[in-house]
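Ready for a few exercises? Have a look at the structure first, then try each task before reading its solution.

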Amino acid sequence: MTPAVSVLVCTYEQPRELALVLAGLANQSWTDFDCWVCDDGSGPATAAVIDAARDRFSVPFHHVRHGHRGFRRAAVLNLGLRQARGRHVVFLDGDCVPHRDFVRDHAEQAAPGTYLIGRRVNLGPGLSARLTEEDVRRGWFDRPRAGLLWSALTGGTRGLRRAIRIRSPRLRRAITPGAGRGLMGSNFSVARDDLWAVNGYDEGFEGYGHEDTELELRLRRLGLRPVYLKGLALQFHLWHPPRANVAANVARKTAAESVTAVRCRDGLVREGGPDVRAGSPAALPSSATGPDSSP
């Protein structure tokens with residue numbers, strides 16, 4: 001049966017963090033989804049985490065992988081998108097633990113002509129290191145905890161206000177009026193058909209930064225409008241040292257701002273190449289890795 005939602009989780013060599021994220025997905029209140037772990041060339045520890053999740057949890061977890069040739073997040077997400085079957089696609093990074101209503105909020109707020117943008121709580125290093133899979137399964141993030149508040153006061157956690165799920169639409173509008181910031185790649189969603197209409201991610205983005213910003217430019221040119229999920233779709237980002245955007249990606253994003261193209265040249269379908277979305281004759285089987293899948 002085709003799921004309503006496919007969740008794409010991007011990861012590279014963070015097996016402990018990925019285990020926490022998959023435990024969060026296994027604990028969701030809304031279950032009509034499958035998960036595609038899009039692996040940017042990790043070693044066997046990551047595969048072991050995904051295999052363990054398959055054995056222990058009822059959520060369908062799939063593993064798609066290509067060989068590691070530097071940071072190629074755009075390319076590996078496209079690899080997952082070619083196989084994802086859900087009508088709506090939710091993006092989640094492999095170091096962002098979802099609240100139990102994360103998938104529900106994306107699914108229930110989805111509407112034609114829109115894409116959904118969420119935000120996250122940035123956990124401090126001490127709290128990030130202490131969290132366990134059992135904590136996540138027991139619902140540690142279901143509601144604000146004293147430990148989370150203490151970490152916000154003393155341990156580097158930022159964005160604590162984003163840890164409270166607000167069910168009432170009227171209250172959400174009253175507390176968080178106005179527009180939000182641009183698309184955050186760890187927490188957004190859009191119809192699968194709209195991603196194919198813009199040809200997915202531009203695989204010319206290699207190295208860290210700006211592939212999400214450029215995708216949003218094309219989603220807007222397609223005519224979609226953003227919906228900001230303030231008070232919904234909560235997630236909790238596990239701490240890691242900050243990364244810097246690579247100069248080539250900054251330049252590529254700047255150049256993209258001055259054109260009007262809706263589709264990128266080297267995306268889900270490379271110019272002149274076949275359409276390989278799930279269900280087409282050229283599609284890879286659901287268990288496949290990419291063609292350059294050697295470690």
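**Exercise 1. Find how many cavities of 30 Å³ or more there are, and what lines the largest one.**

Solution. Keep in mind that this is a predicted model. Start with the count: it comes to 1 cavity of 30 Å³ or more. Next, the volume: the largest cavity has about 60 Å³. Now look at the walls. The lining includes Gly-24, Asn-27 and Gln-28, then Pro-98, His-99 and Arg-100, and also Val-136, Gly-139, Phe-141 and Asp-142. Finally, sort these lining residues by class: 3 are nonpolar, 5 polar and 2 charged.

**Exercise 2. Work out how much space lies in the largest pocket and which residues are closest to its centre.**

Solution. The space first: about 1100 Å³ lies in the largest pocket. Then the residues: 40 of them line this pocket, and Asp-93, Arg-120, Tyr-208, His-240 and Arg-243 are the closest to its centre. Now for the elements. Strand S1 (5-11) and helix H10 (211-221) each supply at least two lining residues, and H10 gives the most, with 3. Last, the classes: the lining has 12 nonpolar, 16 polar and 12 charged residues.

**Exercise 3. Decide whether the salt-bridge partners Asp-212 and Arg-73 are buried or exposed, and say which parts they tie together.**

Solution. Begin with the contact: the two side chains meet in a salt bridge, at 2.9 Å from N to O. Asp-212 sits in helix H10 and Arg-73 in helix H3 (residues 73-81), so the pair ties together parts that are 139 residues apart in sequence. Buried means under 20% relative accessible area. Asp-212 has 11%, so Asp-212 is buried. Arg-73 has 7%, so Arg-73 counts as buried too.

**Exercise 4. Stay with helix H10 and describe the salt bridge between Arg-218 and Glu-214.**

Solution. The N to O distance here is 2.7 Å. Both residues lie in H10, 4 residues apart, which is about one turn of the helix. With relative accessibility of 1%, Arg-218 counts as buried, and Glu-214, at 5%, is buried as well. Now step outside the helix: the C-alpha atom of Glu-257 is 9.6 Å from that of Arg-218, though the two are 39 residues apart along the chain. Glu-257 lies in the segment after helix H11 (247-256), and its relative accessibility of 45% makes Glu-257 partly exposed.

Methods:
Residues numbered from 1 in each chain as written. Predicted model: local features only at pLDDT ≥ 70, side-chain atom pairs only at ≥ 80, totals over all residues. Heavy atoms only, no water. 1 Å grid on protein atoms, 1.4 Å probe; cavity = no way out; pocket = protein on both sides within 12 Å on 5 of 7 lines; lining within 4 Å. Points joined across faces, edges and corners; volume = space filled by probe spheres on them. Nonpolar A, V, L, I, M, F, W, Y, C, P; charged D, E, K, R; others polar. Buried < 20%, exposed > 50% of the residue type's maximum accessible area, 1.4 Å probe, protein only. Salt bridge = Lys/Arg side-chain N within 4 Å of Asp/Glu carboxyl O.
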